[in-house]
Amino acid sequence: PVLFIAAGFTGSSESSYVRHAMVVAHSAGFQCVVMIYRGLVGLKLTTPRGYSAGWTGDIHQAVLHVHQLRPNSPIYAAGYSVGSNILLKYLGEQGSNTVIRGALSIGNPFDLPRSSNTLGSNPFYSYALCNLLKKYYNTHRDTFMTLDHFKQHDEEIRGIRHLRDFDRLCTAYLFDFATVDDYYSAASSSK
């Protein structure tokens, strides 16, 4: 069997919780695959669209690819935090058409508007997550700057201190949402 792992916010196969899950799964006879989101762990963005808490297109392609490589192996999945939200949203969209036989959701924010409000009441956590996204933005700044929106808002983006502001100026724009609240609502796996 295969265990497909959707890591958290900026996680990868190098994250300690992912490595631990892989060791446990391997000892139970699973082969593991870890979803690496666009632009992380040294992967270059080839377009300005990165990843988001609700974009399921990449996970869909990755799951299909694993299924094509291992058509006779049952696929199970585990998602952590934002990766869990993406995974469950994907499974909800696929319904009975999914090739995933079972999934485990760990630390899923489920309801992103509500999670955003909770993060907003914890400025330290919001600031820490925002700094991770600003690092991501700065790493791929040249790619983002190919869009006029980012040329116009670059200084403001680089000065952002809260996750909601980053999502308002960057994520909602990149994924064609009129407002950050529209993005949070549509991206929630609770829908």
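**Sheet, helix packing and internal spaces**

Strand E3, formed by residues 75-80, is joined by six bridges to E4, and the two strands run parallel. In this predicted model, the register of that pairing is illustrated by Ala-77, whose bridge partner in E4 is Ala-103. Both strands belong to an open sheet of four strands, ordered E2-E1-E3-E4 and paired in parallel fashion. The edges of the sheet are occupied by strand E2 (31-35) and strand E4 (100-106), each of which pairs on one side only. On average, and with direction ignored, neighbouring strands of the sheet are turned by 20 degrees against each other. Helix H2, comprising residues 57-69, lies across strand E1 (2-6) as well as E2, E3 and E4, and runs at about 165 degrees to E1.

A packed pair of helices is described by the angle between the two axes together with the distance between them. For helix H8 (residues 163-174) and helix H9 (residues 180-187), the axes come within 9 Å and cross at roughly 90 degrees. Because angles of 65 to 115 degrees count as roughly perpendicular, H8 is assigned as roughly perpendicular to H9. On the H8 side, the contact is made by Leu-163, Arg-164, Asp-167, Arg-168, Thr-171 and Ala-172, while H9 contributes Val-180, Asp-181, Tyr-183 and Tyr-184. Divided by class, the residues of this contact between H8 and H9 comprise five nonpolar, one polar and four charged.

H8 and H9 also take part in the lining of the largest pocket, where the elements giving two or more residues are helix H4 (112-120), helix H5 (123-139), H8 and H9. The space in this pocket amounts to about 600 Å³. Of the 34 residues that line the largest pocket, Phe-9, Val-82, Leu-133, Leu-163 and Asp-167 are the closest to its centre. Leu-163 and Asp-167 are also among the H8 residues in contact with H9. The most is given to the lining by H8, with eight residues. By class, the lining of the largest pocket contains 20 nonpolar, eleven polar and three charged residues.

Enclosed space was examined separately, and the count comes to one cavity of 30 Å³ or more. About 40 Å³ of space lies in the largest cavity, the lining of which is formed by Met-35, Tyr-37, Arg-38, Tyr-51, Trp-55, Asp-58, Ile-59 and Ile-86. In terms of class, this cavity lining divides into six nonpolar and two charged residues, with no polar residues.

Technical notes
Residues are numbered from 1 along each chain as its sequence is written. This is a predicted model: local features need pLDDT of at least 70, side-chain atom pairs count only at pLDDT 80 or more; totals for chains, interfaces and linings use all residues. Side-chain values use heavy atoms; hydrogens and water are left out. Axes are lines fitted to C-alpha atoms, for helices over the stretch in contact, and angles run from 0 to 180 degrees between N-to-C directions. Angles under 35 degrees count as roughly parallel, over 145 as roughly antiparallel, 65 to 115 as roughly perpendicular and the rest as oblique. Contact means heavy atoms within 4.5 Å. Ala, Val, Leu, Ile, Met, Phe, Trp, Tyr, Cys and Pro count as nonpolar, Asp, Glu, Lys and Arg as charged, and the others, Gly among them, as polar. Two strands pair if DSSP finds at least two bridges between them. On a 1 Å grid over the protein atoms alone, a cavity is a set of points where a 1.4 Å probe fits but cannot get out, and a pocket is an open set with protein on both sides within 12 Å along at least five of seven lines; lining residues have an atom within 4 Å of a point. Grid points are joined across faces, edges and corners, and a volume is the space filled by probe spheres set on the points.
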